[in-house]
Amino acid sequence: MRDQIRRSMPLFPIGIVTKLTELTPRQVRYYEQQGLIQPARSEGNQRLFSFNDVDRLLKIKSLMEKGVNIAGVKEVLQQEDLQKAREQQQLQEAALSQPAASKASRSPISDTQLRRLLKRQLSELSARPNQSHLIRGELSRFFH
DNA sequence: GTTCTAACA
DNA sequence: TGTTAGAA
């Protein structure tokens, strides 16, 4: 989960983001006003976007291009956030249910539990297809 | 040179 | 959503 903290690191200004996403500064700022993204701020009050923010903006763009309005995008993203939270909670619980000895070893959770979790998450993924996965994969090249 | 906020012939 | 004005 150390990857998450890196992806949420405030890195680039709006100029970079607009080139990365093909969105106008106006759009990016507007989406923030609508609560779709929450970029950090520098000392000079300038927005600093993380990889997650860019990822999110690409998702927003993708939905908008499909004809989804702000309200719709809001719902999709909110529902997705809730889903992420659940998945996280499940992983936490799975980790806590393991003996301390196992945690220190290479296998944090048992194979059966791991299979169960993966199976569940795969079904959830297929039930909610995301075109943005491709775009996100492309973008990750810049940061890895 | 960039980005920010606010406002609109 | 585009664009512009004035400030940081």
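User: In this predicted model, what does the side chain of Gln 46 approach in DNA strand B?

Analyst: To read a contact of this kind, one asks which part of the nucleotide supplies the partner atom. An N or O atom in the side chain of Gln 46 is 3.1 Å from a sugar or linking oxygen of DNA strand B.

User: Which side chains have an N or O atom by a phosphate oxygen of DNA strand B, and at what distance?

Analyst: Arg 29 places a polar side-chain atom 2.8 Å from a phosphate oxygen of that strand. For Arg 47, the separation between a side-chain N or O atom and a phosphate oxygen of DNA strand B is 2.2 Å.

User: Which residues are around DNA strand B as a whole?

Analyst: A list of neighbours widens the view beyond single atom pairs. Around DNA strand B are Pro 13, Ile 14, Gly 15, Arg 29, Arg 41, Asn 45, Gln 46 and Arg 47. By class, this surface has two nonpolar, three polar and three charged residues.

User: What share of the atoms of DNA strand B within 4 Å of the protein belongs to sugar or phosphate?

Analyst: That share is 87%, and the rest belong to bases.

User: What is the corresponding share for DNA strand C?

Analyst: For DNA strand C, 32% of the atoms within 4 Å of the protein belong to sugar or phosphate, with the rest in bases.

User: Which residues are around DNA strand C, and how do they divide by class?

Analyst: The neighbours are Thr 24, Arg 26, Gln 27, Tyr 31 and Met 64. They comprise two nonpolar, two polar and one charged residues. Helix H3, residues 25-33, gives the largest share of this surface, three residues.

User: How far do the polar side-chain atoms of Thr 24, Gln 27 and Tyr 31 lie from a phosphate oxygen of DNA strand C?

Analyst: Each pair is read separately. In Thr 24, an N or O atom of the side chain is 3.0 Å from a phosphate oxygen of DNA strand C. The value for Gln 27 is 2.9 Å, and that for Tyr 31 is 3.0 Å.

User: Turning to the protein itself, how many helices and strands does chain A have, and in what order do they run?

Analyst: Chain A has eight helices and two strands. Read from the N terminus, its elements follow the order α-α-α-β-β-α-α-α-α-α.

User: What percentage of the residues of chain A count as buried?

Analyst: Of 144 residues, 30% count as buried. One example is Ile 70, which counts as buried because its relative accessibility of 17% is under the 20% limit. Ile 70 is placed in helix H5, residues 70-96. Its C-alpha atom is separated by 8.7 Å from that of Leu 36, 34 residues away along the chain.

User: Is Met 1 buried or exposed?

Analyst: Met 1 counts as exposed because its relative accessibility is 67%, over the 50% limit. Met 1 is found in the segment before H1. Sequence separation and distance in space should be read together: Met 1 and Gln 88 are 87 residues apart in sequence, with their C-alpha atoms 9.9 Å apart.

User: Where is Met 9 placed, and what is its relative accessible area?

Analyst: Met 9 is in the loop between helix H1 (2-7) and helix H2 (14-21). Its relative accessible area is 40%, so Met 9 is partly exposed.

User: Which residues make a nonpolar surface patch with Met 9?

Analyst: Ile 5 and Leu 11 join Met 9 in a nonpolar surface patch of about 280 Å².

Conventions: Residues are numbered from 1 along each chain as its sequence is written. Chains are lettered from A and ligands numbered from 1 in the order in which they are written. This is a predicted model: local features need pLDDT of at least 70, side-chain atom pairs count only at pLDDT 80 or more; totals for chains, interfaces and linings use all residues. Side-chain values use heavy atoms; hydrogens and water are left out. A residue is near a molecule or strand if one of its heavy atoms lies within 4 Å of it. A polar contact is a pair of N or O atoms within 3.5 Å; within protein, one must be able to donate a hydrogen and the other to accept it, and residues adjacent in sequence count only if both atoms are side-chain atoms. Helices (H or I, at least four residues) and strands (E, at least two) are DSSP runs, numbered from the N terminus. Ala, Val, Leu, Ile, Met, Phe, Trp, Tyr, Cys and Pro count as nonpolar, Asp, Glu, Lys and Arg as charged, and the others, Gly among them, as polar. Patches are made of residues with over 30% relative accessible area and no salt bridge: like charges are joined within 9 Å, nonpolar side chains (Val, Leu, Ile, Met, Phe, Trp, Tyr) within 5 Å. Accessible areas come from the Shrake-Rupley method with a 1.4 Å probe; for residues, only the protein chains shown count as cover. A salt bridge is a side-chain nitrogen of Lys or Arg within 4 Å of a carboxyl oxygen of Asp or Glu. Buried means under 20% relative accessible area, exposed over 50%, partly exposed in between (1.4 Å probe, protein chains only).
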